[in-house]
Each structure stands twice: as structure tokens, then as C-alpha cells.
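Visitor: Got a minute to walk me through this one? I'd like the plain version.
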Amino acid sequence: MDNKQLVTRIKSLFSNKRQRVAGLADGALDMLFPPSCLTCDEPVIDSDGLCSSCWAKLRFISKPYCPTLGIPFAADLGASVLSAEAIAHPPTFARARSALIYDDRARQIVSQFKYGDRLELAKFCARLMVVAGRDFWEEPCVLVPVPLHWRRRLVRRYNQSQLLADQVGLLTGFKVHNGWLTRKRFTRQQVGLSSNDREDNVRGAFSVTDQFLEQYEGQRIVIIDDVVTTGATIEAIARSFRIKFRSKIDVLSFARVVMGPIGAI
Ligand SMILES: [Zn+2]
């Protein structure tokens with residue numbers, strides 16, 4: 001366990017107490033362990049931010065982008081122009097947005113968060129996601145994290161999408177729902193699989209409870225994920241909802257893979 005993990009662990013112990021006590025603990029710990037950048041060891045003012053050099057290396061996704069899939073374009077060809085992917089394979093969900101292009105820097109952040117027990121990164125990622133999904137917050141919605149199979153959760157001890165959804169919920173004020181969407185069979189990791197194999201791997205892997213569908217009929221749903229690669233997982237999730245729900249499903253992720261040169265349409 002490195003210093004950052006240690007400080008996070010100690011702060012999480014204090015956060016179970018009153019907020020004021022947690023604040024004092026933060027101050028004392030910041031004196032003992034001055035805050036450093038989340039992805040390098042440069043000193044920073046806040047304990048949950050990046051230094052200016054790491055920040056400048058992030059590749060944010062901003063307009064112009066495909067209004068359906070959120071894939072960035074090199075030039076603005078009009079708000080209704082879709083990406084080649086959206087035309088070739090129209091998704092079941094309505095819109096997808098991501099904060100960053102999934103490059104080496106984003107991969108580093110995600111793997112520290114996902115496999116390195118650096119749970120404080122959830123707050124940082126969620127802040128960027130809330131900005132990327134700003135169109136989603138114009139009307140009420142329900143936040144639903146991509147579930148982990150219980151076997152994988154047992155090993156990892158936490159679901160990274162759940163932590164992101166909790167932080168997005170805190171920032172937007174929208175409710176997070178867990179347990180309504182489940183991964184009903186264990187699937188292989190998507191990493192390293194071809195596009196077709198990814199689709200096969202997750203087809204029919206998710207189910208939504210009837211109770212959720214009855215309770216939230218007519219409401220918009222925002223699926224929260226850490227990284228969208230080919231979109232096979234979120235497509236499988238969207239298909240697990242009844243047809244009348246599907247036009248109201250949006251997807252928000254921290255990063256997404258962008259294949260080929262930006263602007264290929
Ligand atoms: Zn840095």
C-alpha cells in the first residue's frame with residue numbers, strides 16, 4: 001500500500017464520523033502527507049486533483065461530436081451529422097457521452113482507480129463526467145451503474161461504476177439505483193476480445209427487474225460506466241430494458257475508445 005492509498009484508507013475511516021471530524025482529519029493528514037497529483041507525485045493544492053502538467057495531457061471530448069455516440073469530429077459539419085459507427089450500427093440507447101478519449105493517460109487513471117484501490121479517483125472522474133453529460137441533467141433521470149458479476153465483485157471488493165454513479169449522483173442530485181440491473185451470467189473480460197467476440201460475450205448477460213421497470217416507467221435512465229470500448233456492453237444493457245424504455249436511455253462514461261483518426265465520418 002503506497003502513501004496515497006494509506007491516506008485514502010485513513011480518511012475513509014474518519015468519514016464514518018461526523019463531517020467536522022473528517023475535515024480536521026483531512027487537515028492533519030495533509031500536513032503529514034502533502035497532497036500530490038492523482039497521477040504523478042507533483043505537489044498540488046487539493047488532494048483530489050491533477051497537477052497542471054498532467055491536466056494538460058488529458059484529451060477531453062468536446063463538440064463537435066456525433067450527437068448519438070459522442071465520438072469527436074475534427075470539423076463541425078452540423079449538429080445532426082452522425083458518425084459512421086452510428087449510421088452503420090444504430091445503437092439501442094439514445095445518446096452516449098464521455099469525458100475523455102481513452103489514451104495512455106486515461107488508461108493510467110482508470111487502472112489506478114479500478115485495480116489499484118485508489119478510490120479517491122472516483123470523485124475526480126465524476127466531476128469530468130458531469131460536465132461531459134451536461135445535456136443529460138436538463139430533465140430528471142435515474143442513474144444506473146453497469147453491474148459487476150458477484151464473483152468479480154468479490155475479488156475486486158468494489159464496483160468502479162457504482163462508485164462513479166454515487167459521485168455523479170452527489171454532484172447532480174439525481175438518484176442512483178443499484179441491484180435493479182444485474183449481470184446474470186459471468187462473462188469474460190472484454191479486454192483483448194474482437195468486436196464480434198465482445199458482442200457474443202455480453203449478449204443476454206444482463207437483466208432488469210420488473211419492479212424497476214414498473215417504478216420508473218417513463219423516466220430517463222443514465223447508464224454509468226468507466227470506459228466504453230466498442231459499446232458492446234452498454235448495447236447489451238440497453239437491450240435488457242423493454243422496448244418502450246430504450247429511447248430514454250443515455251450512457252455516460254469517464255472515457256471512450258476512439259478508433260482511427262478523429263473526424264473519420
Ligand atoms: Zn501530475
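Guide: Sure. Helices (H or I, at least four residues) and strands (E, at least two) are DSSP runs, numbered from the N terminus. Just after α8, Gly173 takes a positive phi of about 85 degrees.

Visitor: And where do these coordinates come from?
Guide: This is a predicted model: local features need pLDDT of at least 70, side-chain atom pairs count only at pLDDT 80 or more, and totals for chains, interfaces and linings use all residues. Residues are numbered from 1 along each chain as its sequence is written.

Visitor: Back to α8, then. How many residues does α8 have, and how far does it reach?
Guide: α8 has 13 residues and spans 18 Å from first C-alpha to last, close to the 18 Å expected at 1.5 Å a residue. That expected span is 1.5 Å times one less than the number of residues.

Visitor: Which residues of α8 are buried?
Guide: Gln160, Ser161, Leu163, Leu164, Ala165, Gln167 and Val168. Buried means 20 or more other C-beta atoms within 10 Å of the residue's own, exposed means 12 or fewer, and partly exposed is in between, with C-beta atoms placed from the backbone.

Visitor: What do they pack against?
Guide: The buried residues of α8 pack against α5, α6, β2, β5 and β6. Contact here is C-beta atoms, placed from the backbone, within 7 Å.

Visitor: OK, new topic: how many residues are in the largest nonpolar core?
Guide: There are 51, and those with the most contacts inside the core include Leu164 and Ile223. A nonpolar core is a set of buried Ala, Val, Leu, Ile, Met, Phe, Trp, Tyr and Cys residues joined through C-beta atoms within 7 Å.

Visitor: Which helix or strand gives the largest share of this core?
Guide: α6, with seven residues.

Visitor: What does Ile223 touch?
Guide: Beyond its neighbours within four places in sequence, Ile223 is in contact with Val144, Val146, Ile234, Ile237, Ile249 and Val251.

Visitor: Now the sheet. What's the strand order?
Guide: The order is β1-β6-β5-β2, an open sheet of four strands with parallel pairing. β1 and β2 are the edge strands, each pairing on one side only. Two strands pair if DSSP finds at least two bridges between them, and β1 and β6 have six.

Visitor: Last one: is Ser62 buried or exposed?
Guide: Exposed, because Ser62 has 10 C-beta neighbours inside 10 Å. Ser62 lies in the loop between α3 and α4. Ser62 and Ser98 are 36 residues apart in sequence and 9.2 Å apart in space, C-alpha to C-alpha.

Notes: Two residues are in contact if their C-beta atoms, placed from the backbone, lie within 7 Å.
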